[in-house]
Amino acid sequence: MPLIGNTEFFKGIGRIPYEGKDSDNPLAFKFYEADRPVDGKPMREHFKFAVAYWHSFCGTGADPFGTGTLQHPWDAPSDPMEAARQKADAAFEFITKLGFDYFCFHDFDLVREAPSLKESEGRLGYMVSYIKDKMAASGVKLLWGTANCFSHPRYMNGAATNPDFRVLARAAAQVKGALDATIALGGENYVFWGGREGYMSLLNTNVKRELDHLGRFLSLARDYARAQGFKGTFFIEPKPMEPMKHQYDYDAAAVIGFLHQYGLEDDFKLNLEVNHATLAGHSMQHEMEIAAAHGMLGSIDANRGDYQNGWDTDQFPNNLNEVTLMMLTLLEAGGLKGGGINFDAKLRRNSTDAEDLFLAHIGGADTFARALLIADRILKESTYREFRRKRYASFDTGKGKEFETGRLTFTELHDIARQQGSIPLTSGKQEFLENLINRHL
Ligand code: XUL
Ligand code: CO
């Protein structure tokens, strides 16, 4: 008989309570108080915290130098369906105990891929109905689904940008299955991370054709999902490199340009990830500002990189300064458009206790909650907002306003310059603002 839902995987750990900042209990939230209102809505709605199925329940701690250090009991069964059911049981036990409202998955996080497409689709279909029951019983929702079109060797030269049409068609079949699964589970969004959509070498790559193929592929996927009644938002997740030397979805600015080029800007927004931003040589706040400026700040994959090395370490967030700056942008942008905060982060290889997964998520949620409270105070109680507004005051009235609203010609700008005399230097007050942020941390 298969085990259905009657094994407790995280024994000895109950529902994680909020106990406030003076609590010594490591298994309690110190700042994340789900129902506490901040700027007019509860924390849980600001964040829509999600657990990432792949890192939390599929990750084994393996790295290029060694095999896994985490032996998940749910991976033990050799029968793929039994293993998948147990993994789902463990996942929903974990998410429920943590008190998060959402999860995110790739198709073959849910169940091992089968040798044939047909059998893989059958496995996925079964797991979708299994998980649907778990969602109904727990109230946990799906923030987004996606397809893993980068792990299998067939995708070594890309999926939608593969030079071999047969691989592109195979990727389309997989994305169709992941879209069907996302729709069946009431997913609020769907993500495309172009894992290998890029190149290893320009010597063998036709960039123009690959970009055109990607644009068409995404249009077809959108049209299919819309025809199936999907009302949610599609997200592209930028990343500059790794696994490819160069990925087309390099950063927010590159993706926004791409979406406009291929007519996708009305259906797609961005899912920004902290460690991807830093790999691109940006801060996460920069990426969020660029997305927000175009109305495309959709969702966030929360993690952090390491200042001392240059790859995607996917550590859990704990940098209060970094996240506070992110929350300033988030609040000023009026929140995320459809998405939430997905902890796309993994335990360190030597974090091997069952409770470590809880501690990591508690720390991440507390960092965001604390940062949100600080950012809210900065915006409401300090001169930060006013200072930023006043810096542009010369465009609020008179000729500046005429320029902004398109009522001045280039020749008129020349005439104004001739008449206005010398211009006094105006300080940017960067150090003042940095001190202001620090005072509130
Ligand atoms: C990879 C990454 C992915 C995407 C989903 O760096 O972030 O996990 O979030 O495919
Ligand atoms: Co991600």
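Asp344 counts as buried, at 6% relative accessibility (buried means under 20% relative accessible area, exposed over 50% and partly exposed in between, with a 1.4 Å probe and protein chains only). The model is predicted: local features need pLDDT of at least 70, side-chain atom pairs count only at pLDDT 80 or more, and totals for chains, interfaces and linings use all residues. Residues are numbered from 1 along each chain as its sequence is written, chains are lettered from A and ligands numbered from 1 in the order in which they are written, and side-chain values use heavy atoms, with hydrogens and water left out.

Asp344 (OD) is one of the protein donors of the cobalt ion (ligand 2), together with Glu237 (OE), Glu273 (OE) and Asp301 (OD), at 1.9 to 2.1 Å from the ion. Donors are N, O and S atoms within 2.8 Å of the metal (3.2 Å for Na, K and Ca); water is not among the atoms, so sites may look incomplete. Along the chain, the donors are spaced as E-x35-E-x27-D-x42-D. Glu237, in the loop between β8 (233-236) and β9 (246-247), and Asp344, in the loop between β12 (341-343) and α12 (356-381), are 107 residues apart and link distant parts of the chain. Strands (E, at least two residues) and helices (H or I, at least four) are DSSP runs numbered from the N terminus. Glu237 is also buried, at 4% relative accessibility.

The cobalt site is octahedral, with angles of 80 to 173° among six donor atoms; six donors count as octahedral if opposite donors are over 155 degrees apart and all others between 65 and 115. Ideal angles for six octahedral donors are 90 or 180 degrees.

Ligand 1 is surrounded by Trp54, His106, Phe150, Trp193, Glu237, Lys239, Glu273, His276, Asp301, Asp312 and Asp344, where a residue is included if one of its heavy atoms lies within 4 Å. By class, this shell has three nonpolar, two polar and six charged residues (Ala, Val, Leu, Ile, Met, Phe, Trp, Tyr, Cys and Pro count as nonpolar, Asp, Glu, Lys and Arg as charged, and the others, Gly among them, as polar). Polar contacts (pairs of N or O atoms within 3.5 Å) link oxygen atoms of ligand 1 to the side chains of His106 at 2.7 Å, Lys239 at 3.0 Å and Asp312 at 3.2 Å. The protein covers 94% of the 290 Å² of accessible area that ligand 1 has on its own, by the Shrake-Rupley method with a 1.4 Å probe.

Key: Polar contact = N/O pair within 3.5 Å; in protein donor to acceptor, adjacent residues only side chain to side chain. Tetrahedral: all angles 85-135°; square planar, octahedral: opposite > 155°, others 65-115°.
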